[in-house]
Amino acid sequence: MSTPDPSSSVPAVAVPRPGVVPSRRWLLWLTALALLTRLVWVLVVHPPGNYVFSDMNMYVKRATDLAVHGPRSGVRDLAWQAFGTHYLLAGVFKIFGPGAPYRAAAVVWGLLGAAAVPLTYLLACRVLPTARLAAIAGVLALVWYPNLSTTGFFLSETPFLCAQLLSAYWLVRVVQEGKMAWAAGVASALCFMLRPQSALFFVLVFGLWLVNVRGLPWVRLRQLVGVGLPLIAALAFSVWRYHSHTGRWDGIAENANMNLTAGRCHNIVTQAFKKKADLDRSARANNTNDGRRVSLPSYRTLQVTFPPGHPLALNPAMEGETIRFVGYIGDPWIHRDLRRECYRRTGLIGQLQYSVVNLLLQWFISRQWPDNAKNRQYFLPPSEVFRYGFQIFVLVPSLLGVGLGLARLRRTPATAVLALCLFNSMLLAAVFFGDVRLRTPYDPYAIILALLAVHWLLTRWRARRAQRASLGAPGPA
């Protein structure tokens, strides 16, 4: 075989079309129904402009500030969250104007949520062995209420769901055919700007290529540049932007410091005060609502679900549900000292237990927020049905699918891309904290891998039954 030309974007060897060919009829029906359901949801049933509170309020506030005043350096509060979501909102506000009922932004969120359905089907066609399984994946993505629900909130989940599916689909095409590298790079950069923690996934995919470098002769320098250059540009801009607001080069979003502290100390509330007198006053009154305050609903659910002494009970390292300090809530040096003390108090075993509980939160314990807040009597019950449905029908097969994908990373690297995506979500949950809302953008990969695992089990069972029949042994009852 001749050595492939690394400068060529055309595969040097014949690459058979992987998976199954998408049905145009299915694709059109799924796209039309996804558009209908998502637009009705955001314009009639659950307009996100009617649910601007908590995190949604902060995204809208920063987006409005950016749309009205433009980029401003030296405003530290603008470095608190990853910027992708409020930059996207700001673009819509700049064009159409901010203000209730935010209809233009709602339409954008509806379109992004709708795009996830045909993308899931197209991705499934790439990695699943039969057209029927791919169609099932598309239908499940259409009716998957948790991702429909988050479309009705101005949060990062909906744009991240769409961008990551685009990234995964085009990365799979790069792995399978050596095509669409620049598209994969741009989509991956958007993922990173929406949720910087997705960077670990792209590092894992690069490691997957290193393992398979000889088996993927159509993925060479041009493909690596196409995927990597937009990611590097997104990283450089993100670090520069962070520096322009904080004067430091040590991060991308300051809430990562607080989130990591909460995950390693298991406190529900973090409060920061400008003066020690204010902190002392808050501590004496046991007031958990003053100062600069951030609360984690999943840990509060943990607190009310399990009694003290239970292996899964909330067990704060600092012996209280609240951590208070004097300073800015995102000061990294303060959080490093806090985590160091939590490590000392809990030890390695305690930290491992925290990680297990964090992971179980996104699978079994926490409820989907913000569904359990405003108008919960209407929107939480269907969310709970899908939460339990995920536990019963999807979770275990999807974990088996992750195992299959990683075990076959040389034989079917495209499947390994999906397995690494889901593995990345679990690892992040274990290190930081888990929540149903944070998990749901990864549900399409869990569904596809679960279907793959069920097909694998059925195939093995049928093969064994046929083998027994050929040997004259009685088949299973």
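This passage looks at one sheet and two pockets in a predicted model.

The sheet first. Three strands make up an open sheet with mixed pairing, running in the order S2-S1-S3. Strands S2 (292–295) and S3 (322–326) sit at the edges, each pairing on one side only. From one strand to the next, the twist averages 10°. Four bridges link strand S1 (residues 269–273) to S2, and the sense of that pairing is antiparallel. One contact to look up in the structure is Val269, whose bridge partner in S2 is Ser295.

On to the pockets. The largest pocket holds about 1300 Å³ of space. Its lining counts 44 residues, and Gln197, Asn255, Asn259, Phe433 and Leu438 are the closest to the centre. Several elements give two or more residues to this lining, among them helix H8 (181–194), helix H11 (255–265), helix H16 (413–431) and strand S2, the last of these being an edge strand of the sheet. Helix H2 gives the most, with six residues. As for chemistry, the lining of the largest pocket splits into 23 nonpolar, eleven polar and ten charged residues.

The second largest pocket comes in at about 430 Å³. Its lining has 20 residues, with Phe202, Phe206, Val227, Gly228 and Leu231 nearest the centre. Helices H7 (157–177), H9 (199–211) and H10 (221–246) each supply at least two residues of that lining. By class, 18 residues lining the second largest pocket are nonpolar and two are polar, with no charged residue in the set. The lining of the largest pocket, for its part, includes ten charged residues.

Note on methods
Residues numbered from 1 in each chain as written. Predicted model: local features only at pLDDT ≥ 70, side-chain atom pairs only at ≥ 80, totals over all residues. Heavy atoms only, no water. Pairing = 2+ DSSP bridges. Axes fitted to C-alpha atoms, helices over the stretch in contact; angles between N-to-C directions. 1 Å grid on protein atoms, 1.4 Å probe; cavity = no way out; pocket = protein on both sides within 12 Å on 5 of 7 lines; lining within 4 Å. Points joined across faces, edges and corners; volume = space filled by probe spheres on them. Nonpolar A, V, L, I, M, F, W, Y, C, P; charged D, E, K, R; others polar.
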